[in-house]
Amino acid sequence: SVLSLCRVASTRDEELPGMKTQFLKRAKETIHSDDGLVPQLGATLCRHPFSASNEKRALEMLHEATQIELEKYETTLEEDNDILRARREGILNKNSKDRYVDDNSQLWSAIAVRRGEKQILHHYNTLASIGLEILKQSNDDFDTYKGMLEASLEDPKPFLGVV
């Protein structure tokens, strides 16, 4: 996931030996497939936080990156939801001056894809915000944070924000 990449990208040199130890431990726990490949190894390595300090840096990186990307869109997630809801409910009509009135299915598909991109960005932005809030309280809450993270990985629609 993106958070896994942020964990690796925000790792400091002094943390590398600890990462290697965790990597080797998880490599032994990973299930090998029939063809000899280890499909779960990369995901297993970075699926879990390495340390509270690394996780804070990774979440800060993730939060900043998602904010930057969300700001690049001309519309918000809520506006896209309103546009698609209006079309679905037949509120928009040919006489409207709204720029989304065109009945072009490619346009509507593009808006739906754009909304999906924003939902993903909102998911990771919310995950980062909640995680940072938990980790700012104290390092004692690291277990609470890890529990929340595990629960979000199992949820089919975690942190999507406005849908």
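**Exercise 1. Find out whether Asp80 is buried or exposed, then track down its charged partners.**

Step 1. Asp80 has a relative accessible area of 0%, so Asp80 is buried. Here, buried means under 20% relative accessible area, exposed over 50%, and partly exposed in between, using a 1.4 Å probe and protein chains only. Before going on, note that this is a predicted model: local features need pLDDT of at least 70, side-chain atom pairs count only at pLDDT 80 or more, and totals for chains, interfaces and linings use all residues. Residues are numbered from 1 along each chain as its sequence is written, and side-chain values use heavy atoms, with hydrogens and water left out.

Step 2. Side chains of opposite charge can pair when their charged atoms come close. Asp80 and Arg114 do this in a salt bridge, at 2.6 Å from N to O. (A salt bridge is a side-chain nitrogen of Lys or Arg within 4 Å of a carboxyl oxygen of Asp or Glu.)

Step 3. Asp80 sits in helix 5 and Arg114 in helix 6, so their pairing ties together parts that are 34 residues apart in sequence. Helices are DSSP runs (H or I, at least four residues), numbered from the N terminus.

Step 4. Salt bridges with shared partners join Asp80, Arg114 and Lys118 into one network.

**Exercise 2. Describe helix 5 and what its buried residues pack against.**

Step 1. Helix 5 covers residues 77–88, which makes 12 residues. From first C-alpha to last it reaches 16 Å, close to the 16 Å expected at 1.5 Å a residue. That expected span is 1.5 Å times one less than the number of residues.

Step 2. Its buried residues are Leu77, Asp80, Asn81, Ile83, Leu84 and Ala86. They pack against helix 6, where contact means heavy atoms within 4.5 Å.

Step 3. After helix 5 comes Gly90, with a positive phi near 75°.

**Exercise 3. Work out which parts of the chain Arg7 and Glu55 tie together.**

Step 1. Searching the whole structure turns up six salt bridges. One of them joins Arg7 to Glu55, with the closest N and O atoms 2.7 Å apart.

Step 2. Arg7 belongs to helix 1 and Glu55 to helix 4, so this pair ties together parts 48 residues apart in sequence. Both Arg7 and Glu55 are buried.

Step 3. Now try Glu15 and Arg57: their side chains meet in a salt bridge at 2.5 Å, N to O. Glu15 is in the loop between helix 1 and helix 2, while Arg57 is in helix 4, 42 residues apart.

Note on methods: Helix = DSSP H or I, 4+ residues; strand = E, 2+ residues; numbered from the N terminus.
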